[in-house]
Structures are given as C-alpha cells and as structure tokens.
Amino acid sequence: MLKGILFAGLFISYPYLVYRGMENGLNWLAPVIFSGIFLYRAWHTHKLRSRVMNVVFAIALLAGAFYVQTITAKILPVLVQLMLMVIFGRTLLKDKGPSVIERIVRLQFPESPSALSHYCRQLTLVWTAFFAFNALACTVMAVWGSNFWWALYNGVVIYANMGVLVIGEYIYR
C-alpha cells in the first residue's frame, strides 16, 4: 500500500520534478529516476509481457536521458495520455465487452438497468476524446511550449480538467 502511494505521488509530481530539473540543468534526472522505477517494476512482476514493457520503457528513458534529454523528460505524460486513450477507446470497439465506465459502474451497482449501457458508452467516448486531446496538448507543450507552461499544463491543468469533467458529469447525471 505504501509503495503504491509512493509511486502515485512520484507520477503526480513528475511535471514538477522535470521542471525543477530543467531549471537547474538536470534535464536527465527525472527520466533516470523513472527508468529506475520501471526497472524495479520489471524485476518484481511475474508476467512476461509486463516485464518486457517495463524494461523497454526503462531503456527508452535511459537512452533519452543521455541523448535527447528535454524531449525525453517531457514525453512521458504524452505516453500516459495515449495509454489511457487506448484503454478507454478499445472498449468502444465491437465485441470488446462493456465500456470502461460501465465496468466501473457495475462494480458498484451490479444490477444496473440496461439503458445505462448506452450512457456509459457515450461517457467512455467523452473520456477517450479527453485523453486524445490531452495527448495532443502534451505533445504541443513538450515540443513548442516553455518549461513553465509544460509543467503547469501537465501538473495542474490536466488534473483540474479531469475534476471539471467528473463534476460536470455528476451534475449532468
């Protein structure tokens, strides 16, 4: 539990760590730290696919930390947003079962009405579009934005937008 909280805290503070590193000439620091985290996860997982993915991420981050430091440090949020977009979006394809949101709802309310399925699919589509937009915005900020604006968007604006989306959906519902 404590390990999970620590990892979550590190991932949430990632934009700040990158920003502080760039301001102090340590562009390589955050990618190296997160490479270590991915190597740790690879070492402690028993699933071959997860192990390979974690090792690939670790190697990519290490290579980037030494060759294209600034972009490598700024690209991780893009990958996270793309991963979330794929996870949510895949469930919208035919024969992939219920949508992500419907799965979450059914955990809390197993006997929910079937009419709820359409609403959950639409909401999953909204979240998929949200993650796609964030991936695009993160890419633009990483390539053309200043370090400050990149850190502000990835460390504050994304989370604020998520909050607005959750609260807006709750009010709509």
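Here are a few exercises, each with a worked solution, on the predicted model above.

**Exercise 1. Work out how helices H1 and H2 are arranged, and which residues make their contact.**

Solution. Start with the general idea: two packed helices are described by the angle between their axes and the distance between the axes.

Step 1: find the two helices. H1 covers residues 2–12, and H2 covers residues 14–23.

Step 2: get the numbers. Their axes come within 4 Å and cross at roughly 55°.

Step 3: name the arrangement. Angles under 35 degrees count as roughly parallel and 65 to 115 as roughly perpendicular, with what falls between them called oblique, so H1 is oblique to H2.

Step 4: look at who touches whom. H1 brings Leu-10, Phe-11 and Ile-12, while H2 brings Tyr-14, Pro-15 and Leu-17.

Step 5: sort those residues by type. You get six nonpolar, no polar and no charged.

**Exercise 2. Find out which residues of the largest nonpolar core touch the most other members, and where Trp-150 makes its contacts.**

Solution. Keep in mind that in soluble globular proteins, nonpolar side chains tend to be buried together.

Step 1: pick out the best-connected members. The largest core has 15 residues, and Tyr-14, Val-18, Phe-34, Ala-73 and Trp-150 touch the most other members.

Step 2: see which helices feed this core. H2, H3 (29–44), H4 (48–67), H5 (69–90) and H8 each supply at least two residues.

Step 3: zoom in on Trp-150. Skipping neighbours within four places in sequence, Trp-150 is in contact with residues including Tyr-14, Val-18, Ala-73, Lys-74 and Cys-138.

Step 4: check for another core. There's a second, separate one of nine residues, and among them are Ile-101, Cys-120, Leu-123 and Phe-130.

**Exercise 3. Decide whether Cys-120 and Cys-138 are buried or exposed, then count the disulfides.**

Solution. Step 1: use the cut-off. Buried means under 20% relative accessible area.

Step 2: apply it. Cys-120 has 2%, so Cys-120 is buried. Cys-138 has 0%, so Cys-138 is buried too.

Step 3: count. With a disulfide taken as a pair of cysteine sulfur atoms within 2.5 Å, the count comes to zero.

**Exercise 4. Describe the surroundings of Asn-134 and Met-162.**

Solution. Step 1: place Asn-134. It sits in helix H7 (residues 116–144), and with a relative accessible area of 0% Asn-134 is buried.

Step 2: list its contacts. Leaving out residues up to four places away in sequence, Asn-134 touches Gln-81, Tyr-153 and Ile-158.

Step 3: do likewise for Met-162. This residue is in helix H8 (residues 147–172). With residues up to four places away left out again, Met-162 touches Trp-127, Phe-130 and Phe-131.

Technical notes
Residues numbered from 1 in each chain as written. Predicted model: local features only at pLDDT ≥ 70, side-chain atom pairs only at ≥ 80, totals over all residues. Heavy atoms only, no water. Axes fitted to C-alpha atoms, helices over the stretch in contact; angles between N-to-C directions. Parallel < 35°, antiparallel > 145°, perpendicular 65-115°, else oblique. Contact = heavy atoms within 4.5 Å. Nonpolar A, V, L, I, M, F, W, Y, C, P; charged D, E, K, R; others polar. Buried < 20%, exposed > 50% of the residue type's maximum accessible area, 1.4 Å probe, protein only. Core = buried A, V, L, I, M, F, W, Y, C linked by side-chain atoms within 4.5 Å.
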